[in-house]
Amino acid sequence: MLEGQRLASIDRRGKQLILRAVSGRAIGIHLGMTGQCLVLRAGEQPRQSDHIHMRWQLVDDSAADHVNAQTPAELLFRDPRRFGELRAFATPAEADVYLARLGPDALHISGEALYDAVHGSSRAIKAALLDQAVLAGVGNIYADEALFAAQIRPSAKARGLSRVRLQALAASIRGTLERAVAAGGSTLRDYLDADGNAGTFLTQHRVYGRGGQPCVVCSGVLRQTQVAQRTTVHCPACQRA
DNA sequence: GGCAGCCTGGTT
DNA sequence: AACCAGGCTGCC
């Protein structure tokens, strides 16, 4: 699909990455749980060479004055658990149809947009946040963290939450994701950025993975439950809404 | 909605 | 050996 093609752009919508070529062809990449996209310089070897499912040779022929111009490099897709996905699109329209399944991007979600997306739903608010057609980009970690920041119970019915509450939740989602991005993401075990670096947001988790431990705000015991079939941690005292 | 299933690998 | 994990789909 991409042999001999010139990359035009690299974008993201929610958890979906999309590489578009000048010709209109495109590749969609989803990391799933354990996927990694790694960029290697010429002659560089990946730290872990197992579970590599795709390798693209890259040539940088951009600016003539670029230090690395003409230096070949490689883009690797590695995914031990194979829950990730690579998908080829022949045209921009095909790619756009695929991306249209996704809700608004969580990193930029407005209070109004979140209200519009969930206020009519009878589901638990956490289930709605995890639904990529409702909101694109929030997974289990950031759902729990954002709900804690907004003081909302994960099991609260979406339709029972006020406009003001949902506006606060939208702000918490944006804030949580911004801080996570600034920290390079949450590496539990596998996640690495394109340069092979782990993310450190794990050190800032306030509820995810802390069931049974004291709440950082009130010192009460954090409760671990199941919501939408996912392990969920919240503070019963702080999250009253 | 709930649940099995897709996979590998690390921890009880 | 059993259970658990960042996600998501398909089937009741």
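Reader: Why is A90 called partly exposed?

Author: In this predicted model, A90 has a relative accessibility of 41%. Buried would require a value under 20% and exposed a value over 50%, so A90 counts as partly exposed. A90 is located in the loop between β7 and α1 (92–99). Its C-alpha atom lies 30 Å from that of P46, a residue 44 positions away in sequence.

Reader: What makes strand β3 largely enclosed by the rest of the structure?

Author: Strand β3 covers residues 26–30, and 4 of these 5 residues are buried, so the strand is largely enclosed. The cut-off behind that count is a relative accessible area under 20%.

Reader: How do you know that β3 pairs with strand β2 and with strand β7?

Author: A pairing needs at least two bridges. Strand β2 (residues 16–21) is joined to β3 by 5 bridges, and β3 is joined to strand β7 (residues 85–89) by 5 bridges; therefore both count as pairs under the rule of at least two. The β2 and β3 strands run antiparallel, and β3 and β7 also pair in the antiparallel sense. A26 can serve as a landmark: its bridge partner in β2 is R20, and it stands opposite F89 in β7.

Reader: Which residue in the turn of the hairpin of β2 and β3 has a positive phi?

Author: The residue is G24, with a phi of about 105 degrees. The hairpin has 4 residues between its two strands.

Reader: Why is the pair of F89 and Y98 called tilted?

Author: The ring centres are 5.5 Å apart and the planes stand at 45 degrees. The distance falls within the 6.5 Å limit for a pair, and the angle is neither under 30 degrees, as stacked would require, nor over 60, as edge-to-face would require. The pair is therefore tilted. Both F89 and Y98 are buried.

Reader: What makes Y142 and F201 a tilted aromatic pair?

Author: Their centres are 5.8 Å apart, with 55 degrees between the planes. The limit for pairing is 6.5 Å, and angles that are neither under 30 nor over 60 degrees count as tilted. This pair links distant parts of the chain: Y142 belongs to helix α4 (residues 140–149), whereas F201 belongs to the loop between α5 (163–182) and β8 (223–227), 59 residues apart. The structure holds 2 aromatic pairs.

Reader: Why do Y142 and F201 count as buried?

Author: The cut-off is a relative accessible area under 20%. Y142, at 16%, satisfies it and so counts as buried. F201, at 0%, is likewise buried.

Reader: How do you know that β4 and β5 are edge strands?

Author: Each of them, β4 (36–41) and β5 (52–59), pairs on one side only. The open sheet has 3 strands in the order β4-β6-β5, with antiparallel pairing. The twist averages 20 degrees from one strand to the next. Between β5 and β6 (residues 72–78) there are 7 bridges, set against a requirement of at least two. V59 stands opposite P72 of β6.

Reader: What makes R81, R82 and Q229 polar contacts of DNA strand B?

Author: The limit is 3.5 Å between N or O atoms. A polar side-chain atom of R81 is 2.8 Å from a base oxygen, and one of R82 is 2.2 Å from a phosphate oxygen. In the side chain of Q229, an N or O atom is 3.1 Å from a phosphate oxygen. Each of the three values is within 3.5 Å, so each is a polar contact. The residues surrounding DNA strand B include H51, F83 and R189. By class, that surface has 2 nonpolar, 2 polar and 4 charged residues. Sugar or phosphate supplies 65% of the atoms of DNA strand B within 4 Å of the protein, and bases supply the rest.

Reader: Which atoms of DNA strand C do H30, S186 and T231 approach?

Author: Side-chain N or O atoms of H30 and of T231 each lie 2.5 Å from a phosphate oxygen of DNA strand C. A polar backbone atom of S186 lies 2.6 Å from a base nitrogen. The elements giving two or more residues to this surface are α4 and β9 (230–234). In total 20 residues surround DNA strand C, with 6 nonpolar, 8 polar and 6 charged.

Note on methods. Residues numbered from 1 in each chain as written. Chains lettered and ligands numbered in written order. Predicted model: local features only at pLDDT ≥ 70, side-chain atom pairs only at ≥ 80, totals over all residues. Heavy atoms only, no water. Axes fitted to C-alpha atoms, helices over the stretch in contact; angles between N-to-C directions. Near = heavy atom within 4 Å. Polar contact = N/O pair within 3.5 Å; in protein donor to acceptor, adjacent residues only side chain to side chain. Nonpolar A, V, L, I, M, F, W, Y, C, P; charged D, E, K, R; others polar. Phe/Tyr/Trp six-rings, centres within 6.5 Å; stacked < 30°, edge-to-face > 60°. Buried < 20%, exposed > 50% of the residue type's maximum accessible area, 1.4 Å probe, protein only.
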